[in-house]
2 protein chains.
Amino acid sequence: MQKKNEPTLVGVKEIARRANVSIGTVDRVLNNRTGVADETRNRILEIIKDLDYQPNMMARRLASKKVIRIAVLIPAVSGETGYWEAPLNGIKQAAAEIRDYGVTVDVFLFDQNDRSSFTAKTKDILKATYQGVLLAPMFEEESLDFIARCKTQHLPFVFINSDIAGEESLSYIGPNLYQSGYLAAHLINYITVPGQRVLIVNISKELDLHHHLLRKEEGFRAYFQEHPKAITLDKTDIRKTDYKSVKTKLHKALDDAHADVIFVTNSRVSTVAHYLEETGKTDIRLIGYDFLQDNITALRQGIIDFLICQKPQEQGHKGIMALYNYLVHGATIERQQYMPIDIITKENCFNYKN
Amino acid sequence: MQKKNEPTLVGVKEIARRANVSIGTVDRVLNNRTGVADETRNRILEIIKDLDYQPNMMARRLASKKVIRIAVLIPAVSGETGYWEAPLNGIKQAAAEIRDYGVTVDVFLFDQNDRSSFTAKTKDILKATYQGVLLAPMFEEESLDFIARCKTQHLPFVFINSDIAGEESLSYIGPNLYQSGYLAAHLINYITVPGQRVLIVNISKELDLHHHLLRKEEGFRAYFQEHPKAITLDKTDIRKTDYKSVKTKLHKALDDAHADVIFVTNSRVSTVAHYLEETGKTDIRLIGYDFLQDNITALRQGIIDFLICQKPQEQGHKGIMALYNYLVHGATIERQQYMPIDIITKENCFNYKN
DNA sequence: ACACTCTTCGTTAACGTACACGAAACGTGG
DNA sequence: CCACGTTTCGTGTACGTTAACGAAGAGTGT
């Protein structure tokens, strides 16, 4: 049926035979090294194209003793939030997959509350000899410093989870925050009727993270600007993440104005769920972010209505793979890889893959 | 920080050295072949465990000239429905990924309207020498025949898209139809108010496929049984898939009783969308299945409200990978791999990965 | 013509594993 | 004690590629 092409049967030997040269010469043009006459090189190139030669990756990486090292710089999972566990898992999984190909990945964890720990780790990375870096540029200023150094060292880097526009990263892999806020608004549009009130809740004590939340809120508000509806948007900022602080603030906010729907702009939605459950306000619809255990529990109980999630584990996986494909296969990488925005409810959370 | 284990540096040579034997002997116990004294075997086994030896896959498959062949038996993409294009793409992608490992996959396509084409292809597969089969068992009787033969030939097989319970397949990879209908009901529960009417629409001329739709409808109805709500469920079966027939039937159904929401149990939802657009009934909410171009278009236009999708491409990919992991790595495979049930709306369809 | 440097290319030993072949070592029966 | 079979093991080649080494030829200056 399909053409009778000999699959993978052609190797350097066959090319060498046809070109009347030795495999050494063929190897030189394949890895475009010097020392081949232009005429010979062209002849071999021609034959390679003719044969649609595909190098045998196994043999290639077996023979090449050079090992590729990738550094990863992301926040440690804190009691604060378990979010980074998922990307880390994706990173580990990818690392395991490409370990056989002679790629090792070292993970450096910094403290989200401590800019200096970030800087310290960047120094460690620059000291060692890596061929690529995957990083979460949470602290903008410090990150700019770091990637400036990367550039002088011709060290390719990939951003994960948050982007710094205008910098020549190989790729950005992460959420489209604006769009995810927009989507949340879309969902709320479905489940509300005119006259109702929506409360937007930002819970975060980190300044740089707060920036994330604002981007989502922006998308959220944009939706209702573009789709006018007679609902009222309230908002409360909570700068402490412990339950008591959240409770107090929420109490006040709900006292000021009743809410039919609460939109929490990050994964702390389970804290709000706890509050609603405790106070028996289970008629309030609740939407938040991220497929974390506490959130899933509340989702199952019907306290949280929707979770929005952007596959953090896959983010980590893709981040490593982008570097791998670039470094090993010389592939060109998409500059922006926005993750799909998943909607999770009580009824489809069972088989969700983070 | 982590233990100073030499990664992948240990090979058969090191094991042989420690055991005071040659690599040949080590090789014998690794591939548990005969001809090793029990005492020696145990000694080597011990060392292997000690060193946490991981064989080098590349070298392994390089040296072993045996090639693994996988057969795939799925419906051809017809004008009828483009659905199977997605799984096929996933299969092709997976095939490309493992081609380097000496695995070839041959795809056999049958006609969804012709049972005999299915049988013919199964014969072709059995005639050739495959080590594994991935199939969509759409025709139950014929499939049972086929897998009976597979069993006598010790040919492992994986089901995709639809399952035949009780058969010893390596794995089933596909949707949980019941649950996806249940989810649709859940969504409709959000967007309806008491007193409204929902119309269930089954569009399919194939008998075996119809069975799929019923399973979804079952889940759908179960939801409202478990969550009683004052809404009325109507239903119409449409046994011809051309637009004119659908139009006629829909007209009649909507004439009988007004509908606030229409739930189409498969990917033909775009046909209904077309009807709604043409007749200006755009106030009717519409929910259906699958991330196909026509559906996406209608989704973007706001005619379709929700699409439910179960990653058909990933299904194909996972199907091949299950076989690969089993045949090459001897991994144990999960018996049932239900795909996540994704909810797609106008606002999150951009970055959706099928 | 000689010594020398460059360019161009062939040869060969790895890489880690699989597998065929054959060599010891150890019986066992006569 | 020899012939023969069996068990147990070591050796060598192969897989397709990389990369170091060095040989042959061309060019240059004296």
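A polar contact is a pair of N or O atoms within 3.5 Å. The exercises below use a predicted model.

**Exercise 1.** Which backbone atoms of chain B lie within that cut-off of DNA strand C, and which part of the strand does each one face?

Solution.
- Step 1: start with B:A59, where a backbone N or O atom lies 3.4 Å from a base nitrogen of DNA strand C.
- Step 2: turn to the phosphate oxygens, one of which lies 2.7 Å from a backbone N or O atom of B:V12.
- Step 3: for B:N56, a backbone N or O atom is 3.2 Å from a phosphate oxygen of the strand.

**Exercise 2.** Describe the surface near DNA strand C.

Solution.
- Step 1: 27 residues surround the strand, and the closest are A:S22, A:T25, A:T40, B:D27 and B:Y53.
- Step 2: of the strand's atoms that come within 4 Å of the protein, 64% belong to sugar and phosphate.
- Step 3: sorted by class, this surface holds 11 nonpolar, 10 polar and six charged residues.
- Step 4: at least two residues each come from α2 (23–30) and α4 (57–63) of chain A, and from α1 (12–19) and α4 (57–63) of chain B.
- Step 5: α2(A) contributes the most, with four residues.

**Exercise 3.** How are chain A and chain B related?

Solution.
- Step 1: a turn of 180° with a shift of 0.0 Å along the axis lays chain A on chain B, with an RMSD of 0.2 Å.
- Step 2: the two copies are therefore related as by a two-fold rotation axis.
- Step 3: the same surface serves both copies, as 100% of the contact residues of chain A recur in chain B.
- Step 4: within chain A, the residue closest to the rotation axis is A:M58, with its C-alpha at 2.3 Å.

How values were computed:
Residues numbered from 1 in each chain as written. Chains lettered and ligands numbered in written order. Predicted model: local features only at pLDDT ≥ 70, side-chain atom pairs only at ≥ 80, totals over all residues. Heavy atoms only, no water. Least-squares fit on C-alpha atoms with pLDDT ≥ 70 in both. Contact = heavy atoms within 4.5 Å. Near = heavy atom within 4 Å. Polar contact = N/O pair within 3.5 Å; in protein donor to acceptor, adjacent residues only side chain to side chain. Nonpolar A, V, L, I, M, F, W, Y, C, P; charged D, E, K, R; others polar.
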